[in-house]
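Let's take a walk through a protein and its DNA together. Have a look at the picture first, and then we'll go through it step by step.

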Number of protein chains: 2
Amino acid sequence: MPKVRGATMSDVAREVGVTAKTVSRVVNGDGPVAEETRARVLEAMARLGFRPNLLARNMRVGARDSTVGLVIPDMGNPFFGTLAGGFETAVRSRGLTLIVGSSNETSELERSLISTFLARRVTALLVVPSADSEHRSLRAERAAGLPVVFLDRPAAGVTADCVVSANREGARAGVAHLIAHGHRRIAFIGDSPKLYTRRERFQGYRDALAEAGIPFDRALVEIGHDHEAAAAAVGRVLGGTAPATAVFAANNFAATGAVLGLARLGRRDVALVGFDDLPLAEVLDPPLTVVAQDPAEIGRAAAGLLMSRLDGDRSKARTVVVPTRLVARGSGELPAP
Amino acid sequence: MPKVRGATMSDVAREVGVTAKTVSRVVNGDGPVAEETRARVLEAMARLGFRPNLLARNMRVGARDSTVGLVIPDMGNPFFGTLAGGFETAVRSRGLTLIVGSSNETSELERSLISTFLARRVTALLVVPSADSEHRSLRAERAAGLPVVFLDRPAAGVTADCVVSANREGARAGVAHLIAHGHRRIAFIGDSPKLYTRRERFQGYRDALAEAGIPFDRALVEIGHDHEAAAAAVGRVLGGTAPATAVFAANNFAATGAVLGLARLGRRDVALVGFDDLPLAEVLDPPLTVVAQDPAEIGRAAAGLLMSRLDGDRSKARTVVVPTRLVARGSGELPAP
DNA sequence: ATGAAAGCGCTAACAT
DNA sequence: ATGTTAGCGCTTTCAT
């Protein structure tokens, strides 16, 4: 294993015939340094390929590591990727670097990642909590002043800052859109009810029905964890004596599954609104109407929350709700028969 | 700004009435410690909420920081996200943490990120180089033993390990697939020729034509940087006196643009093969045939390369080519008229 | 304008 | 089985 040790300040100092402290002054531009000395130091730095060791600096200064730890379920999911990107861009100017890990929605990996991040003395912690995790252990860290923000879903076990989408209101708006086009039999296809986002969106669905005075029908509620399950669910809600005329798909998989299911059935008369946008939504036939989330904004909001905490804001935990936006493209505007 | 300073080994030691070194022994389980001492140390650690400071440890041990710096153009792009995920999973067991930054395809941000990572003394550096960047400055780091791997595209200025998709061969296979279905007038819609991946894929396109003895026709080559441009390009190659009967879309945008363009023209008779898979490919009508890349495998391959370097492999720079896979779904199997 | 000494939190290499 | 000393690379605090 090669020693990758680079030149240190002392190395540079020795070259020039000064002390490490002088080099430090040149590097950080604080104390006064003679022009000629500075020049020679800079020259030696360049010649030796010196890079100041940021970790040693942080340690001596007593600062935490200039990183923010982010735990997301899956880096390949563009929702979380975009969120991370929005956050990173927003904190970059503050000199913070993003360190990420994916939990695969398991509480074990999540715990282990958080633990690593804390051992690294991250400046702040951002977590998309997995379904079954709890975070009592973070109370002490929070009490000690470590900013903690939960993303996309609130956490169990701690009260902490949190940024979520307007799931309930977004779903309400999506379903109201279908109702406005004359539908009264609207199916809901979503995740398992144990998921926070599904519960919220389901509430929004019921809100919209209630507002319009449409009775709730259990038979129109289906679970579809993946494409195929959702496609099958579409078949069920479209059958029976009082079939649905419209579908509200409460997540990405449900939406694409619904598209697939409708295509297989050759049904071009069923209205469809999905929750969360898809890159190909507009090339579908008909183009898919969705309730779009704004993951980059969730990241930015988290960054804002975090930075205000770093600036000394000790007020009680806040929850930021990031608005969704109804994007009407065609599939949701099919009229009721 | 709150002091988030946690308990140190000395704090724990003082509590128990031993020396820091003893606590260190307990934490790292190296030297011998009396059962009773160990118990009391553990108790004190728990009580004080002690977390060993990994950064201080790495510094003292003379190890580099246990992170790998990864520079990608865009975290929201699932290709890079999946790549990062594949890498992260593969190196996790080695105790390496991923630190990421996005360059937005700009050489300035890329340079700045690399610089930050080097200042943090990352264990290794992974870069998806932006088009106009050059990395001469990394020669010294490489020479000093820092593992550097370029991803998706080779870099200018340094010879280093590199992992890329089988762009040329993949494109060749995709176009050959169209030829096998009787097409002889096959359009190529892709990025600007200054991009490495486009150049490779274009070569593959020409390889396939040459193999089949089909003359190359400049008029069938179009640039489409985004959906709309690609959709428009489709219109052009389908017009004229000798229109295309099939389209090879050399990237994601070109592929979705082509789908859009064909839909707008109401053309269901034109065969289409895209390069790089899409989550919705199978719900399109007809389902989209693609040459799928394997971003997770690119990440894993990079991890493998990297770890062998960390294990002392000093052999000359290697380039790993990750195979692509033709996924026939329907759009590519439409027969030539 | 520059330097000397001490120490951030931890551990290597010795003691004892 | 435990403690001492020194020092990783840097910066603080005081000198000079």
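A polar contact here is a pair of N or O atoms within 3.5 Å. Keep in mind that what you're looking at is a predicted model.

With that in hand, start at DNA strand C and look at Met9(B). A backbone N or O atom of this residue sits 2.5 Å from a phosphate oxygen of the strand. The bases get contacts too. The side chain of Arg25(A) brings an N or O atom to 2.7 Å from a base nitrogen of DNA strand C, and a polar side-chain atom of Lys21(B) is 3.5 Å from a base nitrogen. Which elements give two or more residues to the surface near this strand? They are helices H2 (20-28) and H4 (54-61) of chain A, together with H2 (20-28) and H4 (54-61) of chain B. H4(B) gives the most, with four residues.

Now zoom out a little. There are 25 residues around DNA strand C, and among those that come nearest are Pro32(A), Thr37(A) and Met9(B). On the DNA side, sugar and phosphate make up 56% of the strand's atoms that come within 4 Å of the protein. Sorted by class, the protein surface there has 10 nonpolar, eight polar and seven charged residues.

Finally, compare the two protein chains. Turn chain A by 180 degrees, with 0.0 Å of shift along the axis, and it superposes on chain B with an RMSD of 0.1 Å. That's the relation of a two-fold axis. In chain A, Ile99(A) has the C-alpha nearest this axis, 2.1 Å away. Both copies use the same surface: 100% of the contact residues of chain A recur in chain B.

Terms used:
Residues numbered from 1 in each chain as written. Chains lettered and ligands numbered in written order. Predicted model: local features only at pLDDT ≥ 70, side-chain atom pairs only at ≥ 80, totals over all residues. Heavy atoms only, no water. Near = heavy atom within 4 Å. Polar contact = N/O pair within 3.5 Å; in protein donor to acceptor, adjacent residues only side chain to side chain. Nonpolar A, V, L, I, M, F, W, Y, C, P; charged D, E, K, R; others polar. Least-squares fit on C-alpha atoms with pLDDT ≥ 70 in both. Contact = heavy atoms within 4.5 Å.
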